[in-house]
Amino acid sequence: MEFLGGRRLRRARQTAWSRAMVRETVLTPSDLIWPLFVIEGHNEKTQIRTMPGVERLSVDLCVEAAKAARDAGIPALALFPNTPDHLRSENGAEAYNPDNLMCRALSAIKSAVPEIGLIADVALDEYSSDGQDGLVRDGEILNDETVAVMVRSALVQAKAGADIIAPSDMMDGRVAAIREALDDGGFEQKQIMAYAAKYASFFYGPFREAVGTGARLKGDKRTYQMDHANSDEAMREIEQDIAEGADSVMVKPGLPYLDIVRRAKDNFNIPIYAYQVSGEFAMIEMAAAAGAIDRKGSILESLYAFKRAGANGVLTYFALEVARDLGR
Ligand code: PBG
């Protein structure tokens with residue numbers, strides 16, 4: 001056979017050692033951030049119908065999970081509370097109760113497992129009766145009033161032991177407001193990981209079941225989360241959050257938005273994380289359970305894809321399992 005330069009690209013793929021030599025990206029436990037769902041109670045775990053294999057855990061079990069994560073080399077956890085119904089309200093005041101479920105989980109994990117980083121989600125949906133991330137008046141999501149509540153929420157989280165404040169609400173100006181409040185409160189070393197390019201996505205369905213907001217959500221989140229048709233706008237969001245003081249930014253969801261991850265990586269010099277969200281997790285688990293795809297193989301392939309696209313790390317419900325597999 002005759003072809004250009006006699007170059008046979010398959011040569012490098014013939015053996016395992018050669019494939020290892022030319023591999024361009026690596027996946028290690030330190031790339032993986034593990035989201036945990038917290039519930040009240042002791043020694044309590046509950047199943048999530050749409051997230052097979054993921055459980056909501058009481059604070060004491062979160063501590064055990066944190067130890068397992070640390071031992072597997074996972075650098076950080078992202079916590080999400082399932083607030084009891086009677087504490088959810090229109091004004092989301094539970095968000096800044098210093099003794100709320102989130103704060104108790106943060107402080108319990110911080111004192112038992114100080115080596116692991118703790119990322120606290122800041123948004124009102126986990127505390128509000130309508131499941132919206134912001135305060136609502138006459139059907140409108142209020143921006144500046146919401147930011148004021150988020151600042152208070154971030155401060156109680158920082159005090160409880162959060163290392164990284166992660167606003168996931170998409171209100172304008174929240175990064176600057178939280179940065180200023182953290183600095184004024186003596187929390188200069190607390191980082192902000194901004195959910196900068198967060199899309200109004202159908203892939204969040206299982207998460208909303210997990211934190212108990214799905215059934216109560218009125219309407220959608222399209223006046224604050226981004227339109228999935230847009231990419232330039234994501235660059236503006238990221239640029240703005242960096243200008244306001246974000247230490248790192250996030251793109252979310254993950255796999256359907258790898259073009260955004262790559263574009264962000266090429267355009268900004270800042271750590272970029274991607275969130276392999278609940279619906280992506282469910283797609284892999286359910287397709288694997290149906291015998292359609294190889295489970296472990298698909299999980300690893302999806303995580304490599306994030307790294308290849310330029311993500312510095314991935315928030316993934318597969319984190320513990322994969323970190324353990326990688327360490328073997
Ligand atoms: C909102 C929040 C959501 C997720 C993380 N933070 C859901 C939403 O915006 O409705 C979704 C994560 C996932 O789907 O895994 N505070």
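Is K252 buried or exposed? In this predicted model, K252 is buried, because 24 other C-beta atoms lie within 10 Å of its own, and a residue needs 20 or more such atoms to be classed in that way. K252 is also one of the two residues that UniProt, in an unreviewed entry, lists under "active site", the other being K198. Although these two span 55 residues in sequence, their C-alpha atoms are no more than 4.9 Å apart, so they gather at one spot.

**The annotated lysines**

- K198 is placed in strand β9, which covers residues 191-198, while K252 is placed in strand β10, which covers residues 248-252.
- K198 counts as buried because it has 27 C-beta neighbours inside 10 Å.
- Setting aside residues up to four places away in sequence, K198 touches S168, M170, Q225, M226 and K252.
- On the same basis, K252 touches Y195, K198, Y199, A274, Y275 and V277, so that the contact between the two lysines appears in the list for K198 and again in the list for K252.
- The peptide bond that joins K252 to P253 is cis, with omega at about -10°, and P253 is found in the loop between β10 and α8 (258-267).

**The annotated binding site and the ligand shell**

- UniProt, again in an unreviewed entry, places the feature "binding site" at E237, a residue of helix α7 (residues 232-243).
- E237 is buried, because 22 other C-beta atoms lie within 10 Å.
- Leaving aside neighbours within four places in sequence, E237 is in contact with A196, A197 and M226, and M226 is also among the residues that K198 touches.
- The residues around the ligand are D121, A123, D125, D133, S168, Y204, F207, R208, V277 and S278.
- By class, this shell is made up of four nonpolar, two polar and four charged residues.
- Two members of the shell, S168 and V277, also occur in the contact lists of the annotated lysines, S168 in that of K198 and V277 in that of K252.

**Strand pairing**

- Strand β5 (residues 117-122) and strand β8 (residues 164-167) pair in the parallel sense over four bridges, and A120 has I165 of β8 as its bridge partner.
- β8 also pairs with β9 in the parallel sense, here over two bridges, and I165 has I192 of β9 as its bridge partner.

**The nonpolar core**

- The largest nonpolar core has 101 residues, of which V38 and L79 touch the most other members.
- Helix α4 (residues 144-160) gives the largest share of this core, with eight residues.
- Not counting residues up to four places away in sequence, V38 touches R56, L57, V59, C62, L79, F80, P81, N82, L101, M102 and A105.
- As background, nonpolar side chains tend to be buried together in soluble globular proteins.

**Backbone with positive phi**

- M170, which is not a glycine, has a positive phi near 65°, and its place is in the loop between β8 and α5 (174-184).
- M170 counts as buried because it has 24 C-beta neighbours inside 10 Å, and M170 is also one of the residues that K198 touches.
- N43, likewise not a glycine, has a positive phi of about 50° and is found in the loop between β1 (32-39) and β2 (45-47).
- N43 counts as exposed because it has 9 C-beta neighbours inside 10 Å, where the limit for that class is 12 or fewer.

Notes:
Residues numbered from 1 in each chain as written. Predicted model: local features only at pLDDT ≥ 70, side-chain atom pairs only at ≥ 80, totals over all residues. UniProt positions renumbered as here; feature names shortened; annotations may be inferred. Contact = placed C-beta atoms within 7 Å. Near = placed C-beta within 6 Å. Nonpolar A, V, L, I, M, F, W, Y, C, P; charged D, E, K, R; others polar. Core = buried A, V, L, I, M, F, W, Y, C linked by C-beta atoms within 7 Å. Pairing = 2+ DSSP bridges.
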